[in-house]
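Here's a quick walk through one model, taking a sheet and its helices before moving on to the cores. Have the structure open as you read.

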Amino acid sequence: MLIETEPTPNPATVKFLPGRAVMVAGTRDFASPEEAEASPLANALFGLGDVTGVFFGGDFISVTIGAGSDWRDVKPDVLATLLDHFSADMPLFAPGSAGDIHVSADEESFADAPEDAEIIEQIRDLIDTRVRPAVANDGGDIVYRGFDKGTVYLKMQGACSGCPSSTATLKNGIEQLLKHYVPEVTEVRAV
């Protein structure tokens, strides 16, 4: 089995492509070892010690390492862990853990007003068709969190979370795109 790697705009994150589906539907972001307990793979990656984030996309895994860690030292261990997992056809989530269901009470989101339903549908469509595929190419994801009085709230995940260029992407790319197609949008903010 060959696992390809790609750099991401975030120097702390590398995208690993195992050549097969990782998540059949949706994505999953693990920001701590406690969250990773639901997944044997994420748990093993955090167990390496240098890993501070794991993100499962449709056909990739993004791994983030902490400050002071060097990818030249960590990459062989991450590759070995991924090879062991996929070669053994191990499950992505622990049986009976409901690990593939991620609902976090501390996630900031905003109640969308019913009168904004048409605007929200346009925003979600643009995010799903134009923004998310581009962000996935960089090893991350972007999640719609809400729309309130002209402001769109988005959550950056995977390689995009904590990326030095994510603010520029959000303001110069995503905000401009949404403002162009949806005049009611006045600002985009990360939550």
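## A sheet, two helices and two cores

Let's start with helix H4, residues 117-137, which lies across S6 and S7 and runs at about 165° to S6. Keep in mind that this is a predicted model.

The sheet underneath is an open one, built from three strands in the order S6-S7-S8 with mixed pairing. Its edges are strand S6 (140-148) and strand S8 (187-190), each of which pairs on one side only. On average, neighbouring strands here are turned by 30° against each other, ignoring direction. As a reminder, strands of a sheet pair through backbone hydrogen bonds, either parallel or antiparallel.

Now zoom in on S7, residues 151-158: S7 and S8 run parallel and are joined by four bridges. If you want a landmark there, look for Tyr153, which stands opposite Arg189 in S8. Helix H5 (residues 166-181) packs on this sheet too, touching S6, S7 and S8, and its direction makes about 145° with that of S8.

Here are the two helices set against their strands:

| Helix | Residues | Strands touched or crossed | Angle |
|---|---|---|---|
| H4 | 117-137 | S6 and S7 | about 165° to S6 |
| H5 | 166-181 | S6, S7 and S8 | about 145° with S8 |

How do H4 and H5 sit relative to each other, and within what distance do their axes come? The axes come within 11 Å and cross at roughly 130°. Angles over 145 degrees would count as roughly antiparallel and 65 to 115 as roughly perpendicular, so H4 and H5 are oblique to each other. The crossing of H4 past H5 is right-handed. At the contact, Ile123, Leu126, Arg130 and Val131 from H4 meet Ile174, Leu177, Leu178 and Tyr181 from H5.

On to the cores. In soluble globular proteins, nonpolar side chains tend to be buried together. The largest nonpolar core in this model has 24 residues, and Val54, Phe56, Ile61 and Leu82 have the most contacts inside it. Two or more residues each come from strand S2 (13-17), helix H2 (40-46), strand S4 (51-56), strand S5 (61-65) and helix H3 (71-87). H3 gives the largest share, five residues.

Ile61 is a good one to click on: leaving out residues up to four places away in sequence, its contacts include Val14, Phe16, Leu41, Leu45, Val54, Phe56, Leu82 and Phe86. Apart from this core lies another, of 21 residues, including Ile119, Phe147, Leu170 and Val188.

How values were computed: Residues numbered from 1 in each chain as written. Predicted model: local features only at pLDDT ≥ 70, side-chain atom pairs only at ≥ 80, totals over all residues. Heavy atoms only, no water. Pairing = 2+ DSSP bridges. Axes fitted to C-alpha atoms, helices over the stretch in contact; angles between N-to-C directions. Contact = heavy atoms within 4.5 Å. Core = buried A, V, L, I, M, F, W, Y, C linked by side-chain atoms within 4.5 Å. Buried < 20%, exposed > 50% of the residue type's maximum accessible area, 1.4 Å probe, protein only. Parallel < 35°, antiparallel > 145°, perpendicular 65-115°, else oblique. Left-handed = near helix turned anticlockwise from the far one by under 90°.
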